[in-house]
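Work through the exercises below on aromatic rings and the charges around them. Each task is followed by its solution.

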Amino acid sequence: QVQLVESGGGLVQAGESLRLSCAPSGRTFSNYAMGWFRQAPGKEREFVAAISGNGVATRYEDSVKGRFTISRDTAKNTAFLQMNSLKPEDTAVYYCAAGGGTYSGTPGAAPFQYNYWGQGTQVTVSS
């Protein structure tokens, strides 16, 4: 059974940083894009960032550009989301997703483009 396991969430104050990790089990996603999405209470799941299979192409939602950085360690089959200068509006459950694109192409930004999802990790930013 394929699983994506997120870790690294928590409670921080505005301006602080967190680093989320996503470790797949059951298969490797080194040839596919991986992405991060988030969902706040009462809101739809929204795109945060994505990275191509080869780690070259990335894309970000406008509100996180310059603050968040997505990366991946192909050897460890793990993706990361470094979140700096966190704001209260970043509070949400963050989900890792895999399969949203090819090895070198632009990674997808829509949830329907991803086939595998983690259970989510809570990020809470206090003001």
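The exercises go from ring pairs to burial and then to charges over rings.

The model is predicted: local features need pLDDT of at least 70, side-chain atom pairs count only at pLDDT 80 or more, and totals for chains, interfaces and linings use all residues. Residues are numbered from 1 along each chain as its sequence is written, and side-chain values use heavy atoms, with hydrogens and water left out.

**Exercise 1.** Classify the pair of Phe37 and Phe47.

Solution. Rings of Phe, Tyr and Trp (its six-membered ring) pair if their centres lie within 6.5 Å; planes under 30 degrees apart are stacked, over 60 edge-to-face, the rest tilted. The search of the whole structure gives 5 aromatic pairs. For Phe37 and Phe47 the centres are 5.7 Å apart and the planes at 70 degrees, so this pair is edge-to-face. Phe37 belongs to strand β4 (residues 34-39) and Phe47 to strand β5 (residues 46-51), so the pair ties together parts 10 residues apart in sequence. Strands here are DSSP runs of E, at least two residues, numbered from the N terminus.

**Exercise 2.** Is Phe37 buried or exposed?

Solution. Buried means under 20% relative accessible area, exposed over 50%, and partly exposed in between (1.4 Å probe, protein chains only). Phe37 has 0% relative accessibility and therefore counts as buried. Phe47, at 11%, counts as buried too.

**Exercise 3.** Which residues have a charge over the ring of Trp117 or Phe47?

Solution. The criterion is NZ of Lys or CZ of Arg within 6 Å of the ring centre and within 35 degrees of the ring normal. The charged end of Arg45 is over the Trp117 ring, 4.9 Å from its centre. Arg59 lies over the face of Phe47, 5.9 Å from the ring centre.

Note on methods. Helix = DSSP H or I, 4+ residues; strand = E, 2+ residues; numbered from the N terminus.
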